Amino acid sequence: MLRLPDLQTARRWMTGDVSPWHLLLNPERLGALVKPVFFHLATQVGNNLAGKLKGEKMKADLEAPASPAAEALAIRCRDVCRSYGKLKVLSNLDLTVPQGYIYGLLGPSGCGKTTLLKCIVGTLKISQGHISVLGKPPGFPGHEVPGKMVGYMPQELALYNEFTISDTLTFFGRIHGLTSKDTQERMKFLIEFLDLPQKHSLVRSLSGGQKRRVSLGAALLQNPELLILDEPTVGVDPVLRSKIWQHLVEIVKAGKVSVIITTHYIEEARQANVVGLMRNGHLLAEGPPDVVMKQHNSSTLEHAFLQLCETSDQVDTKQGSSPQDGVLEKSQSFKSGRDESWPILRVEPGSPEEVPKYSAEWKVRARHVMPKWRNIAALMIKNMVRMKRMPGSLCFQFLLPVIQITLICLCIGGEPNGIQVAVVDNETSLSSFSKSLLSFIDSSSVHQVALSHNEAFNGVYNGEYWGVIGFGKNFTSYLTKRMIQRQVSREVIDGGSVHVWLDLTNQQIAFMLRKKLQEAFQAFVENKLGSMSHLVALPIKFEEPIYGSQNRDFTTFVTPGSVLSITFYLAVGLTALSFVIERKEGLLNRCWVAGVSSLETILAHLFSQLFIISVQILLLLLFILLVFKIPNEGSLVLIIILIVLQGITGISFGLVISASIDNEQSANQAALGMFYPNLMMSGIIWPVECVPYPLRYISLMLPQTYASEALRCIMYRGWGLSQMMVWRGFAVTIGWNIFFLILATVIFKLRT
């Protein structure tokens, strides 16, 4: 590699700007100049030949497959940049992995190794530059990268703890399209080779080193053409570490498998064919380990790496303190001030390389976009196996809705019982109207306590009683006069009235006491007057209800919306948490590298959750219809479909939360933050008509407002889809489903 000052001197000498005598008097400069001159001449000749060849091939299709030279490379990165916001992780990075080589990528934690690997396998998009993997860019239609062609072992364990070793390898075998026979053969070899426990051992019961070996086995399962291993030997004993390296050397001998491996053990990378030394998002050097050590007169690769770091720091300091020499970018070429002692495999071209263009037929592109049922089935089986291995969690998911609806039906909407009420009766006769009237009050709901005037009011002030019912000394005679005489004095009216003082701090109890007193007085009048009771009755007659019945309580109103709310939010919580945990543990990323798309992930989870939702709905309907006798006048099919759609809406919303948020606490906060506003404003526990108008517009846009109204219309009015209030609930629910699913898919796609 050439120093930039020597190259500039050579060009000045060739143009006559530097005197030959000056060079003769400076032998060191002359020696340093010979190499640049020949390099420059060779470059010029190469460029001329390239120009002629290019002229002869102007008619060649630029959208043809990659050139043979490119195909001979397993990985080719040029000017790759990747940023997270303002933080630049990879900066103009060039990297070359020849086909059939082991490439050791070395560097300290945080230097960008894992980010580079994610860009190579296609789970992260680069901000700038070009990457080709096995001849084409990752993610290109019809190219199985990510997919079967690449085996990936992430830095995290990325294993399902509920799986056995056999379940783990079978799962990845299904995704890669291996037959059952091939999977079993590879499993037998890997268990023996990696010295794993019995294949029926649960992953959660394995030690850290054993789990890492299982993870390595999953990467080796399908005999990939490209094997990417991120810290595979951490926590592995030296004997097995040596065995793993020996196996890697053997599989690359045929030239069909390439390996890129990162490791903290720098010295073990000497077994690689090529090493790349990374620091701060740059590739400091790239070449055979022996060449790197020889160039730096080092006996160990670690010492050579330290020297490179020191040289890099000196170059950075010099560039920062010498602005007159020009600010140079930290790239991987002589243009960026790399020292000539830094080894490099590739030769920098004299002109920028053209990025090859790639094309695919529309059928290939269509197949690339469409979900693969093989992957969906593999993911669904995975979800079912995990459910089977967690029976406690599965029972909780089934029983929790039943417990919730039971508590709602028992605790909400019923009439208060055992309400303590003080009675001040100043009449002493046992045949008085006051005694008769009090006997008609429902004793199970209202418990009467006879007290004096002062004791009764003191008891209410102290919170012992919810009210005081008082009768005057002449209540019976005055009430008789009120019923018989046409004109009576104010004293008679007041003395013939029942006086009630209530504690209105609890509106429901106060409302119940008023209702019980009115019912008791109506029964008292009918008992005393018989056919003449209409003389003192209100001139308002409530006929038989058009819908419903006279004895409906508040529970009947709350139950339909509560069923939808329970189904919706259980689906939200389970979906959001499961995806956030899988992403945090690296499980989602590993599946995506194996070729699973975000849409396939979403559909598989949706179909798996439908099983749980179906059982939940069955249990909910059994309890509300058979146990609590909630009336239903409509189609049971419409009820089930609407509840299922609400459950799917909850799953979709949970997918949006999990796609946007990376930790469990924030996901829980997002789900809980939506729970109470939706419960209060969707007409579930209180009519929407009571919501003031600025908020009512928001209320009508929520996913459960129209759905709750539609479910009540089906159950209590017997309406079908011909009624606008019913089909509107279905339409709004389906609309929210489509919106949430599209939003979740887009967010997943952007984040991968």
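This section describes the overall composition, the two sheets, and selected helices and residues of a predicted model.

The chain holds 27 helices and 13 strands. Of its 752 residues, 46% are buried. The accessible surface of the chain amounts to about 38,300 Å², and carbon and sulfur atoms contribute 59% of that area. Among contacts with a separation of 6 or more, 74% are made by residues 24 or more positions apart.

One open sheet consists of three strands in the order β2-β1-β4, with antiparallel pairing. Strands β2 and β4 (128-133) are at the edges, and each pairs on one side only. From one strand to the next, the twist averages 15°. Strand β1 (residues 73-84) is joined to β2 by eight bridges in the antiparallel sense. These bridges include the pair of Leu73 with Pro98 of β2 and the pair of Tyr84 with Leu87 of β2. The hairpin formed by β1 and β2 has two residues between the strands; Gly85 in this hairpin adopts a positive phi near 70°. Although β2 is an edge strand, β2 (residues 87-98) is mostly covered, with 10 of its 12 residues buried.

The other edge strand, β4, contains Ser132. The relative accessible area of Ser132 is 5%, which is below the 20% limit for burial, so Ser132 counts as buried. Apart from neighbours within four places in sequence, Ser132 contacts Ala74, Ile75, Arg76, Pro137 and Tyr358. Ala74 is 58 residues away from Ser132 along the chain, yet the C-alpha atoms of the two residues are separated by 8.0 Å.

A second open sheet has four strands in the order β11-β10-β12-β13, and its pairing is mixed. Strands β11 (446-450) and β13 (499-502) stand at the edges with a single partner strand each, so one side of each has no neighbour in the sheet. The twist in this sheet averages 25° from one strand to the next. Within the sheet, β10 (residues 419-425) and β12 (residues 467-471) pair in the parallel sense over four bridges. One residue of this pairing is Ala422, whose bridge partner in β12 is Val468. Helix α16 (residues 453-461) lies across β10, β12 and β13, and runs at about 160° to β12.

Turning to the helices, α6 (residues 165-175) is mostly covered, as 10 of its 11 residues are buried. The buried set is made up of Ile165, Ser166, Asp167, Thr168, Leu169, Thr170, Phe171, Phe172, Gly173 and Ile175. These buried residues of α6 pack against four helices, namely α7 (180-193), α8 (208-220), α13 (373-389) and α21 (587-593). After α6 comes Gly177, which has a positive phi near 80°.

Helix α22 (residues 598-627) includes Ser598. Ser598 has a relative accessible area of 7% and is therefore classed as buried. Leaving out residues up to four places away in sequence, the contacts of Ser598 are Trp592, Thr745, Phe748 and Lys749.

A nonpolar patch on the surface is formed by Ile734, Ile738, Ile742, Val746 and Leu750. Together these residues expose about 480 Å² of accessible area. Ile734 belongs to helix α27 (residues 724-751). The relative accessible area of Ile734 is 39%, between the limits of 20% for buried and 50% for exposed residues, so Ile734 is partly exposed.

How values were computed: Residues numbered from 1 in each chain as written. Predicted model: local features only at pLDDT ≥ 70, side-chain atom pairs only at ≥ 80, totals over all residues. Heavy atoms only, no water. Buried < 20%, exposed > 50% of the residue type's maximum accessible area, 1.4 Å probe, protein only. Contact = heavy atoms within 4.5 Å. Patch = residues over 30% accessible without salt bridge, like charges linked within 9 Å, V, L, I, M, F, W, Y side chains within 5 Å. Areas by Shrake-Rupley, 256 points an atom, 1.4 Å probe, with all protein chains shown as cover. Salt bridge = Lys/Arg side-chain N within 4 Å of Asp/Glu carboxyl O. Pairing = 2+ DSSP bridges. Axes fitted to C-alpha atoms, helices over the stretch in contact; angles between N-to-C directions.
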